Structures are given as structure tokens and as C-alpha cells.
Amino acid sequence: MKDSNQKTQQMLLFHKSTGLSIEYIEDKNIFKFHKIRVYSPIKSLSLCTYVAVNDCILFFGGFGSLESDTSNGIYKYSMEDSKWMRFEQTLPYLFKDAVAVPSGDNMCVHILGARENEDNALSHMRTKVGKEEGEAKIEQIQLELREMNDDFDFKKLT
């Protein structure tokens with residue numbers, strides 16, 4: 001039984017077909033390791049954009065070793081239920097070199113990155129996230145960052 005005052009940190013790692021949960025109990029200085037099943041459609045993907053929100057990890061797109069493995073899918077891993085799901089809705093285009101950031105209230109996720117195969121046009125997309133299983137709606141903002149400021153350079157942020 002867990003002590004409610006016990007400080008516990010959890011980290012999840014995913015790499016190809018390997019998933020690992022690492023739990024650290026600070027008060028006792030104990031690490032616990034658990035294998036996690038990786039969802040079959042994302043095993044061959046790399047460079048997925050991901051973000052943790054509402055006890056879930058959302059994965060957006062990804063690139064495989066073959067062009068046919070490239071994905072515009074949206075996947076969710078529930079940390080509470082240890083379950084995977086794929087959303088019916090997909091990304092309207094492929095992102096590369098993207099980052100996902102939750103809003104302050106965890107109701108939306110902003111995805112920023114370059115569009116693949118469109119002269120790497122920089123784009124912003126907002127995805128509404130609900131707590132109900134299967135509830136995710138993509139709202140395309142498609143703010144072309146070049147139009148906002150021709151001098152803006154993402155490389156200066158690194």
C-alpha cells in the first residue's frame with residue numbers, strides 16, 4: 001500500500017519495441033522498473049512528437065526507416081490504465097523537427113514544426129484534448145510563421 005505522503009517520481013521511456021517505466025520513491029531511495037508494452041503501429045517509428053498531459057502521453061506522427069512507415073497518426077498511452085489507443089483523426093500533414101507543448105490548463109496541445117514536403121513551411125497547430133477516452137479534436141490554426149515575421153528563425157532558439 002502506498003503512503004499518500006510518499007514522494008514518488010515516474011519516468012517512461014519508449015524506444016522502438018521497448019517500453020520501460022521507472023518509478024523512484026524518494027523517501028526510501030528505491031527504484032522500481034516495469035516493462036511497458038509498446039503499441040505495434042509505433043514500434044517502427046522514430047522522431048515522434050510527444051507530450052504528457054492529463055496522465056497520458058500523446059504521440060503525434062513519426063518517421064520510419066521506409067517512406068511507407070511514415071505516420072500522421074495520433075496515439076495515446078494512458079499511464080493510469082497502461083493502455084494504448086489510436087485516434088481516428090490524423091494530422092492533416094506530416095511534421096518534422098516538431099515540438100508539442102500543453103496549454104496552461106492542459107486542455108490544448110500546441111504543435112510547432114516544419115511541414116514535410118512543403119518547402120519546410122513552419123506551422124502551428126492546436127489540438128484540443130479531453131479527458132474522456134477517444135476525445136481529441138484537431139483544430140487547424142495553420143499560422144504560417146513566415147507571414148507573421150519573415151526574420152523569425154527557429155534555429156536562434158536552440
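Leaving out neighbours within four places in sequence, Leu58 is in contact with Thr49, Tyr50, Val51, Val53, Tyr75, Lys76, Phe87, Val109 and Val129. Keep in mind that this is a predicted model. Leu58 is a handy place to start a tour of the interior, since the largest nonpolar core counts Leu58 among the members that touch the most others.

**The nonpolar cores**

- The largest nonpolar core has 15 residues, and Leu58, Phe60, Leu91, Val109 and Ile111 are the ones that touch the most other members.
- Five strands give two or more residues each to this core: E4 (49-53), E5 (56-62), E8 (95-102), E9 (108-115) and E10 (122-129).
- There is also a second core, separate from the largest one, with 12 residues that include Leu12, Val38, Tyr39 and Cys48.
- As a general background idea, nonpolar side chains in soluble globular proteins tend to be buried together.

**The cavity**

- How many cavities of 30 Å³ or more does a search of the whole structure find? The search turns up 1, and the largest cavity has a volume of about 70 Å³.
- Thirteen residues line the largest cavity, with Thr49, Phe60, Gly61, Gly62 and Phe95 lying nearest its centre.
- Two of these names may look familiar: Thr49 is a contact of Leu58, and Phe60 belongs to the largest nonpolar core.
- Strands E5 and E8 each supply at least two residues of the lining, and E8 gives the most, with 4 residues.
- Sorted by class, the lining has 7 nonpolar, 4 polar and 2 charged residues.

Note on methods: Residues are numbered from 1 along each chain as its sequence is written. This is a predicted model: local features need pLDDT of at least 70, side-chain atom pairs count only at pLDDT 80 or more; totals for chains, interfaces and linings use all residues. Side-chain values use heavy atoms; hydrogens and water are left out. A nonpolar core is a set of buried Ala, Val, Leu, Ile, Met, Phe, Trp, Tyr and Cys residues joined through side-chain atoms within 4.5 Å. Buried means under 20% relative accessible area, exposed over 50%, partly exposed in between (1.4 Å probe, protein chains only). Contact means heavy atoms within 4.5 Å. On a 1 Å grid over the protein atoms alone, a cavity is a set of points where a 1.4 Å probe fits but cannot get out, and a pocket is an open set with protein on both sides within 12 Å along at least five of seven lines; lining residues have an atom within 4 Å of a point. Grid points are joined across faces, edges and corners, and a volume is the space filled by probe spheres set on the points. Ala, Val, Leu, Ile, Met, Phe, Trp, Tyr, Cys and Pro count as nonpolar, Asp, Glu, Lys and Arg as charged, and the others, Gly among them, as polar.
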